[in-house]
There are 2 protein chains.
Amino acid sequence: MKTLKEYAAIVENRFDALLPELSEGTCEIGGMPWLLASSMRYSLLAGGKRLRPSMLLACVDMLGGDVEAALDIACSVEMIHTYSLIHDDLPGMDNDSMRRGRPTNHVVFGEGQAILAGDGLLNNAFETMLKCGIRYPERALSYLKAINEIACGSGVTGMVAGQVMDLYCEREKTGDEAALKYIQRDKTACMFIYPLRAAGHLCNADEKTLEALTTYGEAFGLLFQATDDLLDVIGDSKAVGKTLGKDAESGKLTCISEYGIEGTRELVKREHARAREAMSLFGDKAAFFNDLVDSMVERTY
Amino acid sequence: MKTLKEYAAIVENRFDALLPELSEGTCEIGGMPWLLASSMRYSLLAGGKRLRPSMLLACVDMLGGDVEAALDIACSVEMIHTYSLIHDDLPGMDNDSMRRGRPTNHVVFGEGQAILAGDGLLNNAFETMLKCGIRYPERALSYLKAINEIACGSGVTGMVAGQVMDLYCEREKTGDEAALKYIQRDKTACMFIYPLRAAGHLCNADEKTLEALTTYGEAFGLLFQATDDLLDVIGDSKAVGKTLGKDAESGKLTCISEYGIEGTRELVKREHARAREAMSLFGDKAAFFNDLVDSMVERTY
């Protein structure tokens, strides 16, 4: 087992091969146009903790699977995460001009190209995963199942669903605890739950293992979102790398608006305990995941 | 073999099962929110010729494959086509307010929800295809290959690439014949080529078959786009169901701007002959495809 930084570096190093830089003006039949490569790379290579793909790789490692054969699936999860940020920042959505300490994609490339950079990353995530599966023909069914988990996590009963309700509640100035739970599970937790389940399928895990991964992913995701909501109130905008205080200003439905700061801290404790409990199934092998959720409790960025 | 209308009806009838209507306010953990179902269905069920999915089914039929096992792949191709129209119509892209005789998605649901309806349809296309593949575990590799073809057609070396260059040329008032060829192949022809290749993979077709399907798809797609460009100049806006004359007005790079009306008609003839020639490999079995490309030459909508 490696550290978060080590897994993140493996993911980072793979992006250049999956999405190469093209010199200005390149546009040949059958190839990508330079402008699309440039706009996708701008957001994909903007740093970030690479949390979701690292957790996928660590999970495959923990289950004794083939980490190399999971690498492109992990990278694709980060492409999906990145596309969601590009679209989320658009004027028609959150209208954010800064992300990870840099101007957002549409500020640099214009709104139309930013929409297409997002579309391209989402589509390319699936293309990358499918091509990876084809390279291991004897494991085709495992890949179909793993890629399907990713699709569930990012899709119309997962991340996109959460975004729809988040935007709806914000625009309509509506929402209650049930809406908050729906949004935070779908918008944030699903992209932790399903990549872990994908790792499970790549390792032909049994139902009990998949259940433990689901619980950990959900608890981790809810804790992650709760600490994100806390940071918006008590964080340092330089350390976090984006505009803070926007949630309260826009009357957004968050853990803070629903439970207050103390109530949110209690939620963090509760989900932390639930995550640790779920991982007990794997004993010492789960050290990566236990350390990770411990570190999230007190995160400052 | 069936007619275009019959294949289209099979596709049409499947959408309700794949994307059911939800009553207002429905939003349960693990399910889709009513608003997303509603915005996706608004555009998906807006009519249209269902050309791409029907061609995929007809191709499976022609190759003697399992049409039922290909149905959800076909429906997913139409979901991808629909998402591309929703995003294309957005204010940051073509800024169109009418499509298929109705207000465009963002006019009805707002820009943010329209972006998410598009994202949802693209993601749901892959989720639907993957779930379909999982239902036929003994054919997992064929499905991986077929779904990969769809991803190639709609992706960063296919449709999205074409959109990027189309938008770039329009905004920068630039472009030559090479750019036009790139755009029309990627933006339009790829979503005919790759679904046909997907049909080939579902039927375990040999390389020669895949090549013939590729040529037909490309020729058909280029002919389709050329007649689309012609309709923008000489068509009837009511029959076509969208605003016409916009291309010339915006100085858009089209067959007309590059080859003129007569030159475009010659291109149509040339691609028609190329499409027919490619299909000669299949003899009488290709009647559907021969008739289809014949009918496209003189289409009025």
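**Exercise 1. Determine how many of the residues of helix α2 of chain A are buried, and identify what covers them.**

Solution. Step 1: In this predicted model, helix α2 (residues 34–44) of chain A has 10 of its 11 residues buried, where buried means under 20% relative accessible area, exposed over 50% and partly exposed in between (1.4 Å probe, protein chains only). Helices (H or I, at least four residues) and strands (E, at least two) are DSSP runs, numbered from the N terminus.

Step 2: Among the buried residues of α2(A) are Trp34(A), Met40(A), Arg41(A) and Tyr42(A).

Step 3: The cover includes α1, α4 (67–89), β2 (102–103), α5 (105–109) and α6 (111–134) of chain A, together with α8 (159–172) of chain B. Contact means heavy atoms within 4.5 Å.

Conventions: residues are numbered from 1 along each chain as its sequence is written, and chains are lettered from A and ligands numbered from 1 in the order in which they are written. Local features need pLDDT of at least 70, side-chain atom pairs count only at pLDDT 80 or more, and totals for chains, interfaces and linings use all residues, while side-chain values use heavy atoms, with hydrogens and water left out.

**Exercise 2. State which rotation superposes chain B on chain A, and describe the contact between the chains.**

Solution. Step 1: Chain B is superposed on chain A by a rotation of 180 degrees with 0.0 Å of shift along its axis (RMSD 0.0 Å); the fit is by least squares on the C-alpha atoms of residues with pLDDT of at least 70 in both copies. The two copies are therefore related as by a two-fold rotation axis.

Step 2: In chain B, the C-alpha of Ala140(B) is the nearest to the axis, at 2.7 Å.

Step 3: In the interface, 57 residues of chain B are in contact with 57 residues of chain A. The chains bury about 5,000 Å² between them, 75% of it on carbon and sulfur atoms; buried area is the accessible area (1.4 Å probe) that two parts lose on being put together, summed over both.

**Exercise 3. Locate the partners of the salt bridge between Arg135(A) and Asp72(A), and classify each as buried or exposed.**

Solution. Step 1: The side chains of Arg135(A) and Asp72(A) meet at 3.0 Å, N to O; a salt bridge is a side-chain nitrogen of Lys or Arg within 4 Å of a carboxyl oxygen of Asp or Glu.

Step 2: Arg135(A) lies in the loop between α6 and α7 (140–154) and Asp72(A) in helix α4, so the pair ties together parts 63 residues apart in sequence.

Step 3: Arg135(A) is partly exposed at 47% relative accessible area, whereas Asp72(A) is buried at 3%.
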